[in-house]
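Work through the two exercises below with the coordinates open, and follow each solution step by step.

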Amino acid sequence: MTIGLIALDENLASSIALRYASFLANDISIQLQAVHVEKPDVNKYSASGTGWVRRTWERGVKDGAQQAIQRFLNTEKVAVPFIGFPKVLIGDRDSVILKEIRKSGYDIFIEGSLNTSDNREFFRLISSRLYTRAPCPIMVVKNLVSSNTVALLCGDGANYKDLIHQAITILKCDHISFDLIFYRYKESECEISTEKKEAGNVLFEAEKLLEAAGIQPINTQVLTGTPEGAAQLLEKYRLVVSSFPSKTCPRLKVLAHCPSPVLLCKHDTRK
Amino acid sequence: MRIITAFDNHSYSARIVSEVAKLAANTWADMTMLGVQSSATGNTPESALANKLKHYRNDFLAQFDGRELPYDGSADSLEFKKRKDNLWELIGYSQEGDFRKKLLIKIRAGEPVKAILAEASEQESDLIVLGCTKGLDCQWNGQTDLPQRVAKSADCSTLVIKEKKSPDTITCFLDQTYVSQASLEMVNQVVTLYNAELKIIGLTDSKGVGGNEKVETRMAEILRYYADRKINAWIKLVRPEELEEYVAQVSRENMVALWMGKKSLLSKIFSRDLVGKLVNSSQSSVLILR
C-alpha cells in the first residue's frame, strides 16, 4: 500500500490532480492524505501577537482554510481514498510540506501543475526547495490521461535503477503496462528506434530489472530528437516516470513540455 | 437543435451523410438537407441533384436502422415541388405530422453561399454542416473558397468536414471567461460522434495563469462539465499572442473547434478573415462555434 500526500488548493491544477488521483486509485493500492497550506499575511501574522492571541488567530485562519478545502472537495465530487480529513498547515508552503513529508514518511507527493505554453512554472517547481529536498518521488499532474501505459524514461546519466525500483513499487498492478524509453537529445525531427544498443547497456540492464520484478515492457525504444518533439510523442502515456532531472539535463525540457503527468523519482537512500 | 446540411453533387457530400445522421441521432435535431444548384432551372430543380438528395435522405434514414426513428421514414411518391422562385421542397411524406422531429429536404438555386446562409437564417439554424475536399484545397461544388466564406459569414455554428478519416483528437479553443452551454454541448456531441479525445486550449491573460482566478474557475467548470459526461478533457493554456500560431500548428493534425461567439475574446483576436484562412489551411475538419 502506497501512502501519499496530495497538496490541494481551490484551483484548476488541484482539480486535475484530484481527478487523476482518483483515476490512479482505481488501479493501484494507494491511500492519500490531503494537505493545504495557508500562507500567512505577513502584516497580520506579526500583528497577531503571541500566546493565546496568536493561537486563536491561527485557529481562525485554519478553520477558514479547512472550510474552503472541504467546499472544493464537495464541488469536485471525486472518490479518492483519503486517510482522514485534509490537513491545513500555516507557513511557507515548501517548508511546511517538506516538514510534513519528512515527519510522516509519505511514499509519494502529488500536486497539480497546469500545462501551459510557458515552461518557467515547471522549471520553478523543479528548482524549488520542496522538489529538490523531498525524500520521496514527486508526481506532477498536468492532465488527465486515460491510457493504461506508463513510460519509463531513461537517458544519459539518469539513475535508471532507482527509477525502475520506485516505479514498480508504486505502479505495479494488473492494469498498467510499461514502455521503456531512452531519450537522447538531437537537433532534428524525432525518431524512434528499437535498436537497444544505441543506448549502451542501459536498456538491457533496465529490462533485466523489470524482468526480475515480473514485468515485460511492451516496447523498448530509443527516442532521439528535440525536447518538444519527444514530449509530443510522450503525450499518449498515462504517466511519464523519470529520475529527478538536473538543471542541464535534456530530459528536463522534455518533462517541461510533456502534457502528461510526470513522476520524478529521487535517489532512494532508504533501500 | 436544428441542423442544416448543405449538399452538392460531389463524393464528399455523400460521405458526410452518415456523420450528420449520427449527430442528429445524438442530439435529436430537426434536420434540413439542402441541395444547392448554381443556376436557375425553371419549375423543376436539376434532376441529378434532386435524385442525389432523395438518395441522401434514404442513406440518412438508414443510419437509424435498429434505433428509434424520430423522422418520417415513408417513401411514397416523393417529388420536389416548387415553393417559390429558386426553392423546391421534397414532398410526399409527412414533414411534421406525428413525428417528433422535422426532416426537410430542399433545393435552392442561386449563389451557393447566399443560398446556404439564407436557409440557415430562415430556419434559425444552430449548426450548418458541409463537406469539402481534403487538404489545403478546400473546394465545394468547384469553388475553392465556399466553405470558408460560409464559416466566416454564418451567424450560427459551422462544421466543415474535410474528406479525410475521422479525427482522433479534437482541439477546442475556448474563451474560458464566457462559453455558452450550447457550445460546450456541441463539442461534446462532436467528440462523441468521432469517439475522439478532447483537448481544450484556453487563454491566459497578461498576468499569467496563476494570476487570474476567473480564468481558472471557468476552466475548472468546463472540465467538470466534460468529466460528468465521461470525457477526459486535456487542457493547455496559451498566451493570447501565441494563439494564432498555435491554432495553425494544431490544425495541421487535429480537428479544430474555435469558439467565436459575440462575447468571445477569441473573436477579438481572430478576425473573420482568419476563420476563413483556418478553414482553408486546416488539414482536418473545422468547427466554428457561435
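Contact means heavy atoms within 4.5 Å, axes are lines fitted to C-alpha atoms (for helices over the stretch in contact), with angles from 0 to 180 degrees between N-to-C directions, and helices (H or I, at least four residues) and strands (E, at least two) are DSSP runs numbered from the N terminus. This is a predicted model, in which local features need pLDDT of at least 70, side-chain atom pairs count only at pLDDT 80 or more, and totals for chains, interfaces and linings use all residues. Residues are numbered from 1 along each chain as its sequence is written, chains are lettered from A and ligands numbered from 1 in the order in which they are written, and side-chain values use heavy atoms, leaving out hydrogens and water.

**Exercise 1.** Determine the strand order of the open sheet in chain A, and place helix α1 (12-25) of chain A against the strands.

Step 1. Two strands pair if DSSP finds at least two bridges between them; the 11 strands then run β3-β2-β1-β4-β5-β11-β10-β6-β7-β9-β8 with mixed pairing.

Step 2. The edges are β3 (87-90) and β8 (191-193) of chain A, each pairing on one side only.

Step 3. Within this order, β5 (138-141) and β11 (262-265) of chain A pair in the antiparallel sense over three bridges, and Val140(A) has Val262(A) as its bridge partner.

Step 4. Helix α1 of chain A lies across β1, β2, β4, β5 and β10 of chain A, at about 115 degrees to β5(A).

**Exercise 2.** Classify the lining of the second largest pocket.

Step 1. Counting Ala, Val, Leu, Ile, Met, Phe, Trp, Tyr, Cys and Pro as nonpolar, Asp, Glu, Lys and Arg as charged, and the others, Gly among them, as polar, the lining has 10 nonpolar, 11 polar and 11 charged residues.

Step 2. A pocket is, on a 1 Å grid over the protein atoms alone, an open set of points where a 1.4 Å probe fits, with protein on both sides within 12 Å along at least five of seven lines, and lining residues have an atom within 4 Å of a point.
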